[in-house]
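Reader: I'd love a close look at one part of this model, the salt bridges and the disulfide, with enough of the fold around them to place each one. Could you walk me through it?

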Amino acid sequence: MKTLNLVVTKNCELCEKGHETIKSLGLFLNVETVEVEDGYQEYLLRVPVLLDGDKILDEGILSKTTILKNLLFLDLIMFMGQIWEMNM
C-alpha cells in the first residue's frame with residue numbers, strides 16, 4: 001500500500017477539511033499526517049499539501065479527483081520508465 005504525507009499546520013480549518021476529503025481514499029492509500037514544522041517549511045503558505053515522496057499531488061482545497069488523477073499519472077510515468085529500461 002502506498003504511503004502519502006499530508007502536510008498540515010496547527011489551527012488550520014482547510015487542513016481539517018483536506019483530511020476529511022482524503023479519508024475516503026483510505027481504502028487505497030495510507031496517509032500520514034505531518035506537521036509543516038517537521039521539515040516541511042517550504043509548504044508553510046500552501047497547506048494542506050498532499051505529497052507522494054517529493055511530488056505534490058494536490059494542495060489547498062484538496063480534490064479526490066485531482067489526487068487520483070495525479071497518482072495515476074505518476075504511476076504511468078514510472079511504468080513507462082520501466083518499459084523503456086527493459087527495451088534498452
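Author: Happy to; what follows starts with the overall fold and then turns to the helix, the cysteines and the strand end.

Please keep in mind that this is a predicted model. The protein chain contains 2 helices and 4 strands, and read from the N terminus these elements follow the pattern β-α-β-β-β-α. The strands form an open sheet of 4 strands in the order β2-β1-β3-β4, with mixed pairing. Because β2 (30–35) and β4 (55–59) are the edge strands, each with a single partner strand, one side of each has no neighbour in the sheet. On average, neighbouring strands of this sheet are turned by 30° against each other, direction ignored.

Helix α1 is the place to zoom in. This helix spans residues 13–23 and lies across β1 (3–8), β2 and β3, running at about 160° to β1.

Now to the charged pairs. The structure holds 4 salt bridges, and two of the pairs described here belong to α1. Let's take E13 and K17 to begin with: their side chains meet in a salt bridge with an N to O distance of 3.5 Å. Both residues sit in α1, 4 residues apart, which is about one turn of the helix. How open are the two partners? E13 has 54% relative accessibility and therefore counts as exposed, the cut-off being over 50%. K17, at 49% relative accessibility, falls under that cut-off, so this lysine counts as partly exposed.

Further along the helix, the side chains of K23 and E20 also meet in a salt bridge, here at 3.3 Å, N to O. K23 and E20 are separated by about one helical turn, because they are 3 residues apart in α1. E20 has 48% relative accessibility, so this glutamate is partly exposed.

The disulfide brings us to the start of this region. The structure holds 1 disulfide, formed by C12 and C15, whose sulfur atoms are 2.4 Å apart. If you like to check torsions, the one about the S-S bond of C12 and C15 is about 75°, so this disulfide is right-handed. C12 and C15 are both buried, whereas E13 counts as exposed at 54% relative accessibility.

Let's move to the other end of the sheet. Strand β3 (residues 49–52) pairs with β4 in the antiparallel sense over 4 bridges. One of the residues to look for is K55 in β4, the bridge partner of D52. K55 also forms a salt bridge with D54, their closest N and O atoms being 4.0 Å apart. A salt bridge is counted within 4 Å, so it is worth having that cut-off in mind when you look at the 4.0 Å of D54 and K55. D54 is exposed because its relative accessibility is 60%, while K55, at 42%, counts as partly exposed.

For the wider setting, 33% of the 88 residues in the protein chain are buried. Its accessible surface comes to about 6100 Å², and 59% of that belongs to carbon and sulfur atoms. Among contacts with a separation of 6 or more, 63% are between residues 24 or more positions apart.

Methods
Residues numbered from 1 in each chain as written. Predicted model: local features only at pLDDT ≥ 70, side-chain atom pairs only at ≥ 80, totals over all residues. Heavy atoms only, no water. Buried < 20%, exposed > 50% of the residue type's maximum accessible area, 1.4 Å probe, protein only. Disulfide = S-S within 2.5 Å. Contact = heavy atoms within 4.5 Å. Areas by Shrake-Rupley, 256 points an atom, 1.4 Å probe, with all protein chains shown as cover. Pairing = 2+ DSSP bridges. Axes fitted to C-alpha atoms, helices over the stretch in contact; angles between N-to-C directions.
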